[in-house]
Amino acid sequence: MAISVFDLFSIGIGPSSSHTVGPMRAARMFVTRLKKDGVLAQTASVRAELFGSLGATGHGHGTPKAVLLGLEGHSPRTVNVETADDEVERIRKSGRLRLLGAEIGDVHEIAFDEPNQLILHRRRSLPYHANGMTLFAYDAAGTPLLEKTYYSVGGGFVVDEDAVGEDRIKLDDTVLKYPFRSGDEMLRLANETGLSISSLMLENEKAWRTEDEIREGLLEIWRVMQSCVARGMSREGILPGGLRVKRRAASTARQLRTEGDPLLHRSEWATIYAMAVNEENAAGGRVVTAPTNGAAGVLPAVLHYYMNFVPGADEDGVVRFLLAAGAIGMLFKENASISGAEVGCQGEVGSACSMAAGALAEVLGGTPEQVENAAEIGMEHNLGLTCDPVGGLVQIPCIERNGMAAVKAVTAARMAMRGDGSHKVSLDKVIKTMKETGADMKVKYKETARGGLAVNVIEC
């Protein structure tokens, strides 16, 4: 099984990769399948049922909106974030759904009664994964045309029922030049070849794309990250959802700009960069899933820290940073999880912190051992982190949590660079521990909004 850096970093829409990006992709896959099977024109009605975490916190995460947009053929990468809410309002007011209308010229419009045809089961789960959804299509006589179950397994990854029992990701049998599935294998290959972690990942990425395509694709991801930070640091007001959470990145940035040399406030700037991204994510803006939306602020923040505060930083460093981060993220995806609904926030913000720490060590000139050490430190001190969003919204504690993780990643990288890369606890052991901790964690602490802060903070 091969995972590309472009699987881990994808351009999408907020507020959640598991609850927004994944369900939108699944709904689009469903209507695309209707077209492929030649039954789209016969479809008179559709129904969607959401289970587990999707049902428990779907409203706060924008899942119904995502499903409606997906059924109309929108993709998380290309949907217009400025008009998406208007599209959903049109569907709800008219009671009409344009199946695959965003993709094909011939619009197949059907009646759609959202309260009865988009159902959130708050306390029912499907057997394979906490983020499950089943979609149905019927003809005018009520005869079933298609029924498919999909699982949103974290980071926007989607598998259907056919993949259950095989793996969490669609199997890819691409032959890589330097395949590795553990931190130990990664370090062994680096030592055998003399290549850095980012260079190993680059050689593997060439199995799918040319070097120029890889570079341009990663720089496009960087540009989207920059745009997201810029928007988040320029917009003020109240975030949607009912908690009345105030945007703070823009006002805090203004304060810092008046306080002299930015180098004296590097940690605070890293915090603000991350909060800017996650405020945009909470508002349903365009973000990069890195590796999830709930943790989307950490890598952009540390990359901005690198570009703004590390002498000699350049776009080559950005490419190397993202490649190294992808190599580490792949280990989490392969050997544990990046889904808050499966292992808690340690799998989202914890993984992002680890990826950012290792990537920063890479561009600071670290050896492969120092990179692995930085990644290990970043994850070790996020073990046990629960996913307990207040009101089911990706706002409290998610926005601040990304800011804290960005600073923690910088600290982890700096600590690793002060050593020689030798340490007692390996990255592999920390990843294994994270997986086991997630398995032991009570369900109420895994993105259900039924534990932790979610029940101890009064919504107002």
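A residue is taken as buried when its relative accessible area is under 20%. In this predicted model, Cys 353 meets that criterion, because its relative accessible area is 0%. Cys 387 also counts as buried, at 10% relative accessibility.

Burial of these cysteines is not accompanied by disulfide bonding. The number of disulfides in the model is zero, a disulfide being a pair of cysteine sulfur atoms within 2.5 Å. For Cys 353, the closest cysteine sulfur belongs to Cys 345 and is 11 Å away, which is too far for a bond. Cys 345 also supplies the nearest cysteine sulfur to Cys 387, at 5.5 Å, and Cys 387 is in no disulfide.

The largest nonpolar core contains 92 residues. The members that touch the most others are Phe 9, Leu 218, Met 225, Leu 299, Phe 321, Leu 322 and Leu 360. Helix H13, spanning residues 315–335, provides the largest share of this core, with 12 residues. In soluble globular proteins, nonpolar side chains tend to be buried together. Beyond its neighbours within four places in sequence, Phe 321 is in contact with Leu 299, Val 302, Leu 303, Ala 356, Ala 359, Leu 360 and Val 363. Another core, of 35 residues, lies apart from the largest one and includes Met 24, Leu 40, Val 88 and Leu 99.

Helix H13 was examined further. Of its 21 residues, 17 are buried, so the helix is largely enclosed by the rest of the structure. At 1.5 Å a residue, a span of 30 Å is expected for H13, and the 31 Å between its end C-alpha atoms agrees with this value. At the start of the helix, a side-chain oxygen of Asp 314 comes within 3.3 Å of the backbone nitrogen of Asp 316.

Ser 182 is located in the loop that connects strand E8 (157–160) to helix H7 (183–193). With a relative accessible area of 16%, Ser 182 is classed as buried. When neighbours within four places in sequence are set aside, the contacts of Ser 182 are with Leu 331 and Asp 428.

An unreviewed UniProt entry annotates residues 192–454 as "domain: Serine dehydratase-like alpha subunit". Within the model, this span is 61% helix and 2% strand, and its end C-alpha atoms lie 49 Å apart.

Note on methods. Residues numbered from 1 in each chain as written. Predicted model: local features only at pLDDT ≥ 70, side-chain atom pairs only at ≥ 80, totals over all residues. Heavy atoms only, no water. Core = buried A, V, L, I, M, F, W, Y, C linked by side-chain atoms within 4.5 Å. Buried < 20%, exposed > 50% of the residue type's maximum accessible area, 1.4 Å probe, protein only. Helix = DSSP H or I, 4+ residues; strand = E, 2+ residues; numbered from the N terminus. Contact = heavy atoms within 4.5 Å. UniProt positions renumbered as here; feature names shortened; annotations may be inferred. Expected span 1.5 Å × (residues − 1). Polar contact = N/O pair within 3.5 Å; in protein donor to acceptor, adjacent residues only side chain to side chain.
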